[in-house]
Amino acid sequence: MNKRRFLSAIVLSGLLLPAGWISAQNAGSDMLYYSMVDEEQARQDARNSADADEADAVLFSSSKIDWNLGTFISNVSMDIVKAGIPMPSGKNAAVNKIKMELPVLIKDPLLSVYADDTRTLGDMVLDGSLTLEELTRIIDNAKETPAYFKNGGDRLLTEHTIRLEDIGSLFVKHKSPYTQQKPIERIASRAYTGIVIDARGTLPVHGEFVESLVDPCLFPKIYDENMTLVYERNMVDPKIAAKQGINSYTTDINGKEFSKRVGDDPLWITAEQVFGVYRCDPVISRDDYLRIATVPENLKLLKEGKIVILLGKEQISHRVSAPDKNTSYYVELQKLRYVFEDKVPNTVIKDGPGGIQITVQDLNFVADSAELLPDDKERVGLIAAQIKDVVMKGNYTIKVEGHTADVNKPAGQLQLSIDRASSIVDILTSIGIDRSLITSRGFGGTRPIADNATPEGRAANRRVEITIMPADSYTQKR
């Protein structure tokens, strides 16, 4: 039912609010929730985001990524009966509709792909490194199989394949590769035909007291145990990087592509650790780094992108999900916007790629610590109460990300952002949110949203981003 907002206003708790607000006592907060929402608008928002209700949907898509083949594959189908398209005369019209809707159907799963150790493709859209128009062109120009009927002609199906290298090529901006300076240290080594990094299994995370599997991304970096940068995309010839990516991932060491990439006599290296917010960057021993860096022919292998990273099957090939932004999700987004708009200072709410993103800016902590000052602790407490109300009513989890201003102390900034994100988690759990529903990460000063050269810019960059994430769905519906 389409519930219309009552437009009169009353003064309540010192705020000018629309009538229909009720106290959210079950959230342990004096903040208010708006009890009347536009459900029809929420339903339309869900349709537009490819999360239409099952009864409304006529188009369906499920996606899979295969890093070994370098492909992002989407299987798309149309319910001909529900679409009301007569067959066989309407087949061309149905195919054209599928083509028109493909960017929306594929977009959200595609945006979840890791670009590098700190950013997904969705993150890069948000920071301006990638535009949706560029991504749409990639989708439109990708390979597509001829449409065919299934289930007695009730379903029209097609398979859509994007080459990951086509996406990666958008980010290859350098004109010529750079070569690392030879280290002062030397070690016995020789020339090889390629480099293989065995990163299979669980590895310790550098700088943290946890372990993790290594996840693939478009542009992994390789470090040594002293965090010397061994390899990254700007070391690769740009023509090679744009055409075939800067490395291959595989589980099959006997395949033709493996020997084509690294030859018959590669240097085998076992990863010691993993690094990065998204756990994408292998860390190798200092000795293995020296085996590469002290031989000119091996440094040339970096320039030619002759790198293969071995991973487990579950990392190499898997289905790709996206947050299920259904009607109830957009209802909750409406409610939170009503609560926070102009009511909680320096707090912005938007519909982000991962869910409802709450950016709490200009947070003030005790100097060089993770302890919030009293006024900001109260502000975060009010926000936490609203988050609890949402999480208690639906299938949601919470992601907390800490960010600092960049004052040229990267290691300290990273740890401080991790600690400050943890302090927000403590507030969320203190009001009764289950700790198992929350993950937290710190980015230091690597994701500025303003100029660090000004006090105002540094204040904006000193922030926490809290994302209320709906359960993942493996099927997009239009």
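This tour visits two sheets and a helix that lies across strands of both.

Before selecting anything, note that the model is predicted, with local features needing pLDDT of at least 70, side-chain atom pairs counting only at pLDDT 80 or more, and totals for chains, interfaces and linings using all residues. Residues are numbered from 1 along each chain as its sequence is written, and side-chain values use heavy atoms, leaving out hydrogens and water.

Begin with the open sheet of four strands whose order is S14-S13-S18-S17, where the pairing is mixed; strands (E, at least two residues) and helices (H or I, at least four) are DSSP runs numbered from the N terminus, and two strands pair if DSSP finds at least two bridges between them. Select residues 229-231 for S14 and 273-275 for S17, the edge strands, each of which pairs on one side only. Then add residues 281-284, strand S18, which runs antiparallel to S17 and is joined to S17 by three bridges. Here phenylalanine 275 can be found opposite aspartate 281 of S18.

Move next to the open sheet of four strands ordered S15-S19-S10-S16, which has parallel pairing. Strands S15 (248-250) and S16 (267-270) stand at its edges with a single partner strand each, so one side of each has no neighbour in the sheet. Select residues 307-310 to see S19, which pairs with S15 in the parallel sense over three bridges, and look for serine 248 opposite valine 308 in S19.

Finally, select residues 286-293, helix H9, which lies across S13 (222-224), S14 and S18. H9 also lies across S10 (195-198) and S16.

Methods: Contact means heavy atoms within 4.5 Å. Axes are lines fitted to C-alpha atoms, for helices over the stretch in contact, and angles run from 0 to 180 degrees between N-to-C directions.
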